[in-house]
Amino acid sequence: MKRIFTTNLIFLLLLNAVIKPIWIFAIDRNVQITLGAQEYGLFFTLFNFTLFFNFLLDFGITNFNNREISFHPNKISNQFFNIIIIKATLALLYMIISIAAAIMVGFNNEQIKLLILLSTNQILASFILFIRSNLNALHHFKADSILSVLDKLILIALISIYLWGDTNMQFNVYIFALCQTFSYMLALISSLWLLLKRYNIHININLSKTRIKQIVKEGFPFATLVLLMSLYGRLDTVFIERLSDKGALSAGVYAQAFRLFDAFNMYPFLFASLMLPVISRMLSEKIDISDMFRFNMIILIVPVIAVAVPTIIFDKPLMSILYKEHIEISAEVLKLLMGSFFFVALSYLFGTALTANGNIWLLCRISLFTLVVNILLSIILIPQIGVIGAGFVNLISNGIAAVLQWFFFTKTFRIKIDWVITFKIVIFIIATIIVSVIFFEKSNASILGYIGAILAILVLAFLSGLINLKSMITLLKESKGE
């Protein structure tokens, strides 16, 4: 299992390491600069608003399906078409409720038009994720990895034409959203073709009301969890636009720091997407996950620390390279979000294990408590200190969620704390801070110093034995031999 997990994680990361940074720093960044903080801030707010109702779009079906097919691969034939019917119905409900909520919140007609387009994109993305969940659950990880970047690859090509091509059409937020729509449509067609043709999976077109009711019932806890996590994870981005004095401009400033936070979150998110089916399969076969979990913890937490600490130290240089305005305040927000990034990674680690074990209602209770704290803090802090307040809210909320998930994980799985590994990680964090400060001073806070610090920290992780290079090489050699 370690070999399967490691080799596919490396393949997934290599793909995303090439495509996602191009999208985030070359395309999305230039889109924000072209549109300006005000217009992009509106897009950022509406985009996050569409995420709040994703629980209706998916109703927890994707996570439920991933875990269910991981446990029982033969169920895909009878389950696939029934879920498609459910998702189509939910998509209509999602669109209606999203528009109604937007009107209640006070968005104007132009904003609602853009919201409809962005909601359509969410619907397409939801269908893609469902199809990918089947490939992922069946351990077709490489196909799933390719599909994870396909929409961004298409979108990069389209946006590049508008930004740097010889076109007479003025680029605006609507064109940006339409390009996303086209990219999602092509990716959806490709993913469906890959599932039905390449792997010769027979899908029974058999509409069963009983099975649909069962799927909805079993998916409901997952839907509740997705809703609660989406709210406490993204509510700050909407509260900024609604509660701060500068509205969309403040949201645009927050988006500058949030972009790096979102980019770095790619690693723990992708990590968890592979971890869920692997841990689920191990639990279904009554295999002890202790050793696998400790292995996962190291290869997740070490890279997170290696990126988070230098980013906090090099906050202003990074912001000044990426943007021309609002550098000071966005750099302060970035520090807070990087602290939050560490807790998000821990949540992916412990939360995924609890999800694989079926402890969904437990995770829902944790998320509900976190959401209440998030809302109260947002109402208090954002009107007073704006985007800095939103950063604190994000940090505290994710910190609470991570600590609670860790506590209940240890109670559920009874995995004893490995004090040797814990001590090594603490020493590693201290060493990471020292190395980052040294590179910051010696490089005069240059971007080369930032890159050098991250590389030096990763080398330190291998030299210290925190990450066992020999074991990693052995796993890769074994995978090539099969």
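**Figure 1. Thr45 in helix H1 is a buried residue.** In this predicted model, Thr45 has a relative accessible area of 0% and is therefore classed as buried (buried means under 20% relative accessible area, exposed over 50%, and partly exposed in between, with a 1.4 Å probe and protein chains only). Thr45 belongs to helix H1, which covers residues 2-51. Helices here are DSSP runs of H or I with at least four residues, numbered from the N terminus. When neighbours within four places in sequence are set aside, Thr45 is in contact with Thr237, Val238, Glu241 and Ala251 (contact means heavy atoms within 4.5 Å). Residues are numbered from 1 along each chain as its sequence is written, and side-chain values use heavy atoms, with hydrogens and water left out. Because the model is predicted, local features need pLDDT of at least 70 and side-chain atom pairs count only at pLDDT 80 or more, whereas totals for chains, interfaces and linings use all residues.

**Figure 2. Trp361 in helix H14 is partly exposed.** Helix H14 spans residues 360-413 and contains Trp361. The relative accessibility of Trp361 is 43%, which places this residue in the partly exposed class. Apart from neighbours within four places in sequence, the contacts of Trp361 are Phe220, Pro221 and Thr224. From Trp361 to Ile312 the separation is 49 residues in sequence and 35 Å in space, C-alpha to C-alpha.

**Figure 3. Helices H5 and H6 pack against each other.** Two packed helices are described by the angle between their axes and the distance between the axes. For H5 (residues 109-137) and H6 (residues 141-164), the axes come within 7 Å and cross at roughly 155°. That angle makes H5 roughly antiparallel to H6. Axes are lines fitted to C-alpha atoms, for helices over the stretch in contact, and angles run from 0 to 180 degrees between N-to-C directions. Angles under 35 degrees count as roughly parallel, over 145 as roughly antiparallel, 65 to 115 as roughly perpendicular, and the rest as oblique. The crossing of H5 past H6 is left-handed (left-handed if the near helix is turned anticlockwise from the far one by less than a right angle, right-handed if clockwise). H5 contributes Arg132, Leu135 and Asn136 to the contact, and H6 contributes Phe141, Ala143, Asp144, Leu147 and Ser148. By class, these residues comprise four nonpolar, two polar and two charged. Ala, Val, Leu, Ile, Met, Phe, Trp, Tyr, Cys and Pro count as nonpolar, Asp, Glu, Lys and Arg as charged, and the others, Gly among them, as polar.

**Figure 4. Helices H11 and H16 form a right-handed crossing.** The axes of H11 (residues 290-313) and H16 lie 9 Å apart, at an angle of about 150°. The two helices are therefore roughly antiparallel to each other. On the H11 side, Val302, Pro303, Ala306, Val307, Pro310 and Thr311 meet Tyr450, Ala453, Ile454, Ile457, Leu458 and Ala461 of H16. The contact of H11 with H16 has 11 nonpolar residues, one polar residue and no charged residues.

**Figure 5. Asn444 and Ala445 lie in the loop between H15 and H16.** Most residues other than glycine have a negative phi. Asn444, in the loop between helix H15 (419-442) and helix H16 (447-463), has a positive phi near 55°. Ala445 is not a glycine either, and its phi is positive at about 60°. Asn444 is exposed at 68% relative accessibility, whereas Ala445 is partly exposed with a relative accessible area of 23%.

**Figure 6. Salt bridges link side chains of helices H12 and H13.** A salt bridge is a side-chain nitrogen of Lys or Arg within 4 Å of a carboxyl oxygen of Asp or Glu, and by this rule the count is five. Lys335 and Asp315 form a salt bridge at 3.6 Å, N to O. This pair joins distant parts of the chain, with Lys335 in helix H13 (residues 327-356) and Asp315 in helix H12 (residues 315-322), 20 residues apart. Lys335 is partly exposed at 34% relative accessible area, whereas Asp315 is buried at 5%. Glu328 and Lys316 also form a salt bridge, at 3.1 Å, N to O. Here Glu328 lies in H13 and Lys316 in H12, 12 residues apart. Asp315, Glu332 and Lys335 are linked in a network of salt bridges.
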